[in-house]
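Thanks for sharing this one. Here are a few notes to read beside the structure, in no strict order of priority.

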Amino acid sequence: MEQINMFDDRERSAPLASRLRPETFDEYVGQKHLVGEGKILRQMIENDNISSMIFWGPPGVGKTTLARIIANQTKADFVEMSAVNTGVREVKEIMNNAELSRQMGIRTLLFTDEIHRFNKAQQDAFLPYVEKGSIILVGATTENPSFELNSALLSRCKVFILKALDEDDLKDMLSRAVKSDKGFGTMNVQISDEQLGLIARFANGDARTALNTLEMAVFNGKVNPDGGLLIDDETLAQCMNRRSLLYDKNGEEHYNLISALHKSMRNSDPDAAVYWMQRMLYSGDEPLYIARRLIRFASEDIGMADSNALTLAVAVYQACHFLGMPECDVHLTHAVVYMSMAPKSNALYVAGNECKRDINEMPAEGVPLQIRNAPTKLMKELDYGKGYQYAHDTAEKITKMKCLPDSLVNRRYYRPTTQGREKAVKERLEKILEWKNS
């Protein structure tokens, strides 16, 4: 009787992405700007001349795979840990062991996945060991290291930016997965180049998503009489019923997308604005969050040029609250297009900022006596309210009374533009100022 090789069974049952993980640069997909022939990172790895570094890039682009290739190439002890499941005690133990190894002339290369999840105190614990050379730190992160890593640690590491994989790279990888013995090479999978291209496009630059989608399609394929496994379009469509777009509602990409929405509306580009808004919704962002940002935009970027923008934004917020998704997306589209096409003025935003600057930089003077309230006899004796001029008692409905502190007399914060309805406001304000100065 033939003995069953349990190890081979475990290998076959491992996820496709794990079975096909590259072990050499010849198998590695993408990142040619870093690991192509003659590129600096490739030379560092091949020459075993590694210094502390951070791999920054979106999920599924090869950060961990690069670390594995380093593990195969380096003469240093390779230690791997994840910030998700490594506690303080384990970190200290690893560091102490690395220091003992250093004293014996042995380097330790420490690969830390999701390094951004370590808090500041934990990151600080790495510093003395990086400085002494006890460890060569290789960290992987999907978040902008400028925000997520403390400056002292970041200054001691070289940051390498990994890019999302392009469709051609993903398609080549999928084709190899179908033909390779590590993949589905023994299963006679019948899938067209066009279908592989669809999976590559759906994966949105993420190799793991591409391989997982292919694996799902194969497991749900139809067995032909000849023993082959056919992937039809209907099965493939079910495996790609929702694209997993790169998005982290608490991370940098969240702010990148809201920035894209704001700047598209500010630039009066309704098509781009609708696209970025729908991208946020499609990725799971809360419609009320987007609605709140539109309320802010209505005053910050439109303001008095079209005050109806604020009214509409508030109404859309209420509509989103009443209906929720998916129905409220049309209300958000309404608001985004309105904001894009409305005349723009940032005069209110500028006025508020200039005023805050004066409050921070200048002495906090008291309220001028003439505009103080005087509800008691003592306050009247102290000249509270003395010289107050009631605007409604005048024919013009304005007076020449000063309302700012003495140090800020004649200061102008609000300077209206000529955009939209603010043009009329500008003309009225100029007449008021001219009358007051006459």
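1. Cysteines. This is a predicted model, and a search through the whole of it turns up zero disulfides. A disulfide is a covalent bond between the sulfur atoms of two cysteines. The pair to look at is C320 and C328: the closest cysteine sulfur to that of C320 is the one in C328, 3.8 Å away, and because a disulfide needs the two sulfurs within 2.5 Å, this is too far for a bond. C320 is buried, at 2% relative accessibility. C157 is buried as well, with a relative accessible area of 9%.

2. Helix 18. Does the length of this helix fit its residue count, or not? Helix 18 covers residues 329-341, and at 1.5 Å a residue its 13 residues should span 18 Å; the C-alpha atoms at its ends are 18 Å apart, so the two agree. Its buried residues are L332, A335, V336, M339 and S340. Viewed down the helix axis, these buried residues fall within an arc of 135°, so they line one face of helix 18. V330 and M341, on the other side, are exposed.

3. The three-stranded sheet. Strands 6, 8 and 7 form an open sheet in the order 6-8-7, and the pairing is mixed. Strand 6 (189-190) and strand 7 (222-223) are the edge strands, each pairing on one side only. Strands of a sheet pair through backbone hydrogen bonds, either parallel or antiparallel. Strand 7 pairs with strand 8 (residues 229-230) in the antiparallel sense, over two bridges. If you want a spot to centre your view on, V223 stands opposite L229 of strand 8.

4. The largest pocket. It holds about 730 Å³ of space. Its lining is made up of 35 residues, and those nearest the centre are A17, R21, P22, T65 and L211. Which elements each supply at least two residues of this lining? They are helix 2 (16-19), helix 5 (63-73), strand 4 (135-141), helix 10 (167-179) and helix 12 (207-219).

5. Positive phi angles. Most residues other than glycine have a negative phi. Two residues deserve a look here. D383, which is not a glycine, has a positive phi of about 70°, and it sits in the loop between helix 20 (377-381) and helix 21 (422-436). N410 also has a positive phi, near 75°, and its place is in the loop between helix 20 and helix 21. As for accessibility, D383 is partly exposed at 31%, whereas N410 is exposed at 59%.

Note on methods:
Residues are numbered from 1 along each chain as its sequence is written. This is a predicted model: local features need pLDDT of at least 70, side-chain atom pairs count only at pLDDT 80 or more; totals for chains, interfaces and linings use all residues. Side-chain values use heavy atoms; hydrogens and water are left out. Helices (H or I, at least four residues) and strands (E, at least two) are DSSP runs, numbered from the N terminus. The expected span of a helix is 1.5 Å times one less than its number of residues. Buried means under 20% relative accessible area, exposed over 50%, partly exposed in between (1.4 Å probe, protein chains only). The arc is that of the directions from the helix axis to the C-beta atoms. Two strands pair if DSSP finds at least two bridges between them. On a 1 Å grid over the protein atoms alone, a cavity is a set of points where a 1.4 Å probe fits but cannot get out, and a pocket is an open set with protein on both sides within 12 Å along at least five of seven lines; lining residues have an atom within 4 Å of a point. Grid points are joined across faces, edges and corners, and a volume is the space filled by probe spheres set on the points.
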